[in-house]
Each structure stands twice: as structure tokens, then as C-alpha cells.
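Welcome! Take a look at the sequence and the 3D view, then work through the exercises below at your own pace.

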Amino acid sequence: MATKVCVVYHSGFGHTAKQAAAVAEGARGVSGVDVSELPVEEFAEEKSAAWELLDAAEAIIFGCPTYMGSPSAGMKKFIEATSGRWMQQQWADKLAAGFTNSGSQNGDKQNTLVDLMTFVGQHGMVWINLNILPGNNSSTGSVDDVNRLGATLGAMAQSNVDEGADVVPPESDLETARQLGARVAKCAQRWAE
Ligand SMILES: Cc1cc2nc3c(=O)[nH]c(=O)nc-3n(C[C@H](O)[C@H](O)[C@H](O)COP(=O)(O)O)c2cc1C
């Protein structure tokens with residue numbers, strides 16, 4: 001049976017949606033993995049079939065833009081809508097990971113990942129980190145390096161605020177996102193054994 005991985009994301013203007021698509025692409029590249037890409041808008045109705053996909057998943061990867069130094073309100077709304085499942089610890093022992101995108105190089109993205117990790121901890125889920133050594137941190141490094149922003153907890157991306165989602169985030173950040181998706185998919189297969 002296929003291992004099920006879901007990517008739940010919010011995106012106000014399409015930049016984080018592009019990062020989410022790259023995470024999903026990376027997970028899909030692992031054979032035997034079934035991936036669902038789920039924008040948070042699909043969870044507006046309590047009876048939405050999207051909730052069932054999450055309940056059945058081995059792993060859920062959460063992502064959103066960093067707005068005002070923390071997860072965007074769209075993601076927070078989703079997070080709060082999971083409280084019934086938290087009460088039942090319905091998602092305990094599923095794997096989880098996170099990603100975020102913002103306008104500034106730093107932009108307080110770390111805080112967003114810590115918030116997502118805390119949310120995952122409340123659910124008793126198991127957090128998978130990025131595990132890619134930092135790029136762009138030496139005289140031979142460049143912005144084209146994978147993990148150019150030097151994240152540890154999850155995948156980070158940076159999108160210049162005057163450029164559309166057709167241009168940014170750059171390929172290095174999308175490759176970082178793909179590698180996170182692949183890592184979670186492989187971990188989920190081992191977890192399901
Ligand atoms: C309300 C709001 C708050 C923002 N706060 C931050 C911030 O704290 N740090 C930052 O680097 N960028 C910030 N940005 C910029 C966004 O993170 C950036 O434009 C991002 O690419 C938007 O992603 P999206 O298109 O998926 O919504 C903010 C943007 C908005 C609209």
C-alpha cells in the first residue's frame with residue numbers, strides 16, 4: 001500500500017504555494033508514496049474530505065509564509081481548527097515537518113518554524129528536520145547553494161517583495177524544499193514498516 005504524505009499550506013500571494021509544490025514534487029519523487037497538496041482553504045468546512053486525507057496520512061508537512069514574524073493568519077486558522085483532533089490526540093505518532101517563505105533574508109522565519117514545531121508537538125507528532133548542511137556560508141558559497149539560508153528545523157525560502165511567484169523564490173530554495181519533501185517521504189516509508 002502506498003505511503004501517504006500530505007502537504008498543507010497557506011499562501012497569500014502564491015510564493016509559498018510555489019515552495020509547497022516543490023515540497024510535494026520532492027515527496028512524489030520517492031516511489032511508492034502518494035502525495036496530496038492541500039491549501040488551507042480546503043479545511044474551511046468541518047466535513048471536508050481534506051480532513052480525512054490528513055487523518056489517513058503517515059506524514060503531514062506544514063508550510064506558510066512568515067507574516068509579522070510568525071505563521072500567517074491563514075495557517076493559524078487551520079492550526080486552531082485542529083484542536084478537536086488535538087483533544088483526541090488523533091494524529092499522535094504521525095511524522096511532520098515544516099517550511100516557510102518570507103520577503104527578508106532572515107525575516108524571523110525561524111520563529112515560524114518553531115511555532116509549527118510547537119504545534120506538531122502539541123499533537124504528539126514526530127518532527128523531521130531538514131538535515132542539509134548550510135550553504136552560502138563560505139568564500140566559495142553562493143546564493144545558488146541548496147539551503148542557502150542555513151536552516152535546520154525545516155525548509156526556508158526567500159522571495160523578493162517586488163517580484164511575483166513566477167520569478168521567486170529562487171531555484172536553490174525550491175531544491176531545498178524538494179529535498180525536505182523527499183526526506184519526509186523516505187522517513188514515512190521507514191516509519192510505516
Ligand atoms: C502581512 C504581511 C506580513 C509580512 N511579514 C513579514 C515578516 O515578518 N518577515 C518577512 O521577511 N516578510 C514578511 N512579509 C513578506 C512575505 O513573507 C513575503 O512577501 C512572502 O513571499 C509572501 O508569501 P505568499 O505569497 O505565499 O503569501 C509579510 C507580508 C505580509 C503581507
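A polar contact is a pair of N or O atoms within 3.5 Å; within protein, one must be able to donate a hydrogen and the other to accept it, and residues adjacent in sequence count only if both atoms are side-chain atoms. The model is predicted, so local features need pLDDT of at least 70 and side-chain atom pairs count only at pLDDT 80 or more, while totals for chains, interfaces and linings use all residues. Residues are numbered from 1 along each chain as its sequence is written, and side-chain values use heavy atoms, leaving out hydrogens and water.

**Exercise 1. Find the surroundings of the ligand, then its polar partners.**

Step 1: 17 residues surround the ligand (a residue is near a molecule if one of its heavy atoms lies within 4 Å of it). The closest are Ser11, His15, Thr16, Tyr67 and Met68.

Step 2: Look at the backbone. A polar backbone atom of Thr66 lies 2.9 Å from a ligand oxygen atom, and a backbone N or O atom of Gly12 is 2.8 Å from an oxygen atom of the ligand.

Step 3: Turn to side chains. Tyr67 places a polar side-chain atom 2.6 Å from an oxygen atom of the ligand.

**Exercise 2. Describe helix α5 and work out where its buried residues point.**

Step 1: Helix α5 covers residues 109-122; helices here are DSSP runs (H or I, at least four residues), strands are runs of E (at least two), and both are numbered from the N terminus. From first C-alpha to last, α5 reaches 20 Å, close to the 20 Å expected (1.5 Å times one less than its number of residues).

Step 2: The buried residues of α5 are Lys109, Thr112, Leu113, Leu116, Phe119 and Val120. Buried means under 20% relative accessible area, exposed over 50%, and partly exposed in between (1.4 Å probe, protein chains only).

Step 3: Seen down the axis, these buried residues fall within an arc of 120 degrees, so they line one face of α5; the arc is that of the directions from the helix axis to the C-beta atoms. An α-helix has 3.6 residues a turn, so residues three or four places apart point the same way.

Step 4: Among the elements covering this buried set are β3, β5 and β7.

**Exercise 3. Is Gln158 buried or exposed, and what does Gln158 contact?**

Step 1: Gln158 sits in strand β7 (residues 155-158).

Step 2: With a relative accessible area of 5%, Gln158 is buried.

Step 3: Leaving aside neighbours within four places in sequence, its contacts (heavy atoms within 4.5 Å) include Ser102, Lys109 and Asp173. The side chains of Gln158 and Asn160 also share a polar contact of 2.8 Å.
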